[in-house]
Amino acid sequence: MFTLWLTVLRRGTVRSTHPTFVAIRYDFVGKKRAQAKIFFRSLLFSTGKRGRVVESLFLRVKEGSRTAEFSFWGRGDKDLIRGSGMFVPETGVVTNHHFNPVDSDLFFLFSGGAYSVELVAKISGRERLVSLWNITLEMPAGIFSSTSIARETAVFYSWSPEQRRYVPSVEARSGSVHAISDPQG
């Protein structure tokens with residue numbers, strides 16, 4: 001009976017690994033103004049043998065008193081497709097996930113400060129949303145401004161297991177890297 005419950009009846013849920021990198025930049029393609037973008041790569045997996053369907057994913061982004069929903073979801077490794085429904089098996093699915101605010105008229109400026117980024121899933125058959133992870137990223141001051149956003153600039157955050165935090169670096173599409181001085185060390 002236990003085997004029947006474990007393999008057939010137990011639905012399980014969806015989980016995600018914490019991303020080893022996160023990037024923040026702006027998109028300009030076909031838009032009147034720059035649009036904020038957060039992307040990362042992670043593994044989504046099901047805790048049940050039969051897998052689960054994720055209806056949608058979105059990010060809750062908080063900085064100070066500001067909160068924004070980044071619910072325009074795209075996924076893929078080479079070709080970016082709009083996310084809408086995804087089967088997640090027990091063995092998992094690893095891919096890149098890209099998020100923009102759904103309101104393209106709203107300009108979200110990444111100014112210096114601490115940002116809370118939470119990945120949230122709507123799982124088919126469940127009413128409540130599921131928080132998959134919540135991370136804190138420290139945005140260096142002066143990278144982006146409301147009057148000047150460089151098309152090629154991005155802030156990459158790499159997870160340091162030893163330091164147990166995300167370490168930022170500012171990069172340009174040309175491949176040049178601008179190191180960020182580390183106040184901790």
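**Salt bridges and strands: how do we know?**

Author: A search of the whole structure, which is a predicted model, finds seven salt bridges.

Reader: What makes Arg25 and Asp27 a salt bridge?

Author: Their side chains come to 3.5 Å, N to O. A salt bridge needs such a nitrogen and a carboxyl oxygen within 4 Å, so the pair qualifies. Both Arg25 and Asp27 are buried.

Reader: And what makes Arg60 and Glu118 a salt bridge?

Author: The closest N and O atoms of Arg60 and Glu118 are 3.2 Å apart. The limit is 4 Å, so this pair counts too. It links distant parts of the chain: Arg60 lies in strand E4 (residues 52-63) and Glu118 in strand E10 (residues 113-123), 58 residues apart.

Reader: Why is Arg60 called partly exposed?

Author: Arg60 has a relative accessibility of 30%. Partly exposed covers what falls between under 20% and over 50%, so Arg60 belongs there.

Reader: Is Glu118 buried or exposed, and how do you know?

Author: Glu118 has 11% relative accessibility. Buried means under 20%, so Glu118 is buried.

Reader: What about Arg66 and Glu63: what makes them a salt bridge?

Author: Happily, the test works as before. The side chains of Arg66 and Glu63 meet at 3.0 Å, N to O, and the cut-off is 4 Å, so they form a salt bridge. Salt bridges with shared partners also join Arg25, Asp27 and Lys37 into one network.

Reader: Why is Glu63 called buried, and why is Arg66 called partly exposed?

Author: Glu63 has a relative accessible area of 17%, which is under 20%, so Glu63 is buried. Arg66, at 27%, falls between the two cut-offs, so Arg66 is partly exposed.

Reader: Now for the strands. How do you know that strand E1 (residues 14-16) and E3 pair?

Author: Three bridges connect E1 and E3, in the antiparallel sense. Pairing takes at least two bridges, so these strands pair. Within E3, Ser46 is the residue opposite Val14.

Reader: Which strand do six bridges join to E3?

Author: That is strand E2 (residues 21-27), and E2 and E3 run antiparallel. Arg25 has Lys37 in E3 as its bridge partner.

Reader: How many bridges pair E3 with strand E9 (residues 93-100)?

Author: Seven, again in the antiparallel sense. Here Arg41 stands opposite Asn96 in E9.

Reader: What makes strand E3 (residues 35-46) mostly covered?

Author: Nine of the 12 residues in E3 are buried. Buried means under 20% relative accessible area, so those nine meet that cut-off.

Definitions and conventions. Residues numbered from 1 in each chain as written. Predicted model: local features only at pLDDT ≥ 70, side-chain atom pairs only at ≥ 80, totals over all residues. Heavy atoms only, no water. Buried < 20%, exposed > 50% of the residue type's maximum accessible area, 1.4 Å probe, protein only. Helix = DSSP H or I, 4+ residues; strand = E, 2+ residues; numbered from the N terminus.
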